[in-house]
Amino acid sequence: MEEVVDKDDLKQKMVDKWSIKPSLAEKMVDILLFVADKEEITTENIVARFGFTATSAKRYLRQLTEFGYLEAYGGNKNRTYRRKKYGE
């Protein structure tokens, strides 16, 4: 099932709910949209796609996990991320 996501709406919800800067929320929404059609991603996928440093990519993925959008699997070296499935 495909979900239609309003990027600006999701960005504003993040800003309002977690009091983060709009520029950070936009980066995280871009990551979520990138993950949407993938089984799983790694930090390296984010670095390659968006050009973030590895440190920034890890921070964004960690925040998305803390906010409940992603689930992390594996240890630090082999960590992967998947979209969190709701209702399970």
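This is a short walk through the nonpolar core, the second helix, the salt bridges and the strand pair of one structure. Please keep in mind that we are looking at a predicted model.

Let me begin with the interior. The largest nonpolar core has 23 residues, and those with the most contacts inside it are Met14, Met28, Ile31, Ile46 and Leu64. Two or more residues come from each of helix 1 (7–18), helix 2 (22–35) and helix 4 (54–66), and of the elements it is helix 2 that gives the most to this core, with eight residues. If you would like one residue to look at on the screen, take Leu64, which, leaving aside residues up to four places away in sequence, touches Met14, Met28, Ile31, Leu32, Tyr69 and Leu70.

Since helix 2 came up there, let me stay with that element for a moment. Helix 2 has 14 residues and reaches 20 Å from its first C-alpha to its last, which is close to the 20 Å expected at 1.5 Å a residue. Its buried residues are Leu24, Ala25, Met28, Val29, Ile31, Leu32, Phe34 and Val35. What do the buried residues of helix 2 pack against? Their partners are helix 1, helix 3 (43–50), helix 4, strand 1 and strand 2.

Turning to the charged side chains, the count comes to six salt bridges, and I will go through three that involve helix 1. The side chains of Lys7 and Glu26 meet at 4.0 Å, N to O, and this pair links distant parts of the chain, with Lys7 in helix 1 and Glu26 in helix 2, 19 residues apart. Lys7 also meets Asp30 in a salt bridge, at 2.5 Å, N to O, and here again distant parts of the chain are linked, Asp30 lying in helix 2, 23 residues apart from Lys7. Lys7 counts as partly exposed because its relative accessibility is 29%, and Glu26 does so at 33%, while Asp30 is partly exposed with a relative accessible area of 24%.

The third pair, Asp9 and Lys13, meets at 3.4 Å, N to O, and both residues lie in helix 1, four residues apart, about one turn of the helix. Salt bridges that share partners, moreover, join Lys7, Lys11, Glu26 and Asp30 into one network.

Finally, the strands. Strand 1 (residues 70–73) and strand 2 (residues 80–83) run antiparallel and are joined by four bridges, with Glu71 standing opposite Arg82 in strand 2. The two strands form a hairpin with six residues between them, and Gly74 in the turn has a positive phi of about 90°.

Technical notes
Residues are numbered from 1 along each chain as its sequence is written. This is a predicted model: local features need pLDDT of at least 70, side-chain atom pairs count only at pLDDT 80 or more; totals for chains, interfaces and linings use all residues. Side-chain values use heavy atoms; hydrogens and water are left out. A nonpolar core is a set of buried Ala, Val, Leu, Ile, Met, Phe, Trp, Tyr and Cys residues joined through side-chain atoms within 4.5 Å. Buried means under 20% relative accessible area, exposed over 50%, partly exposed in between (1.4 Å probe, protein chains only). Contact means heavy atoms within 4.5 Å. Two strands pair if DSSP finds at least two bridges between them. The expected span of a helix is 1.5 Å times one less than its number of residues.
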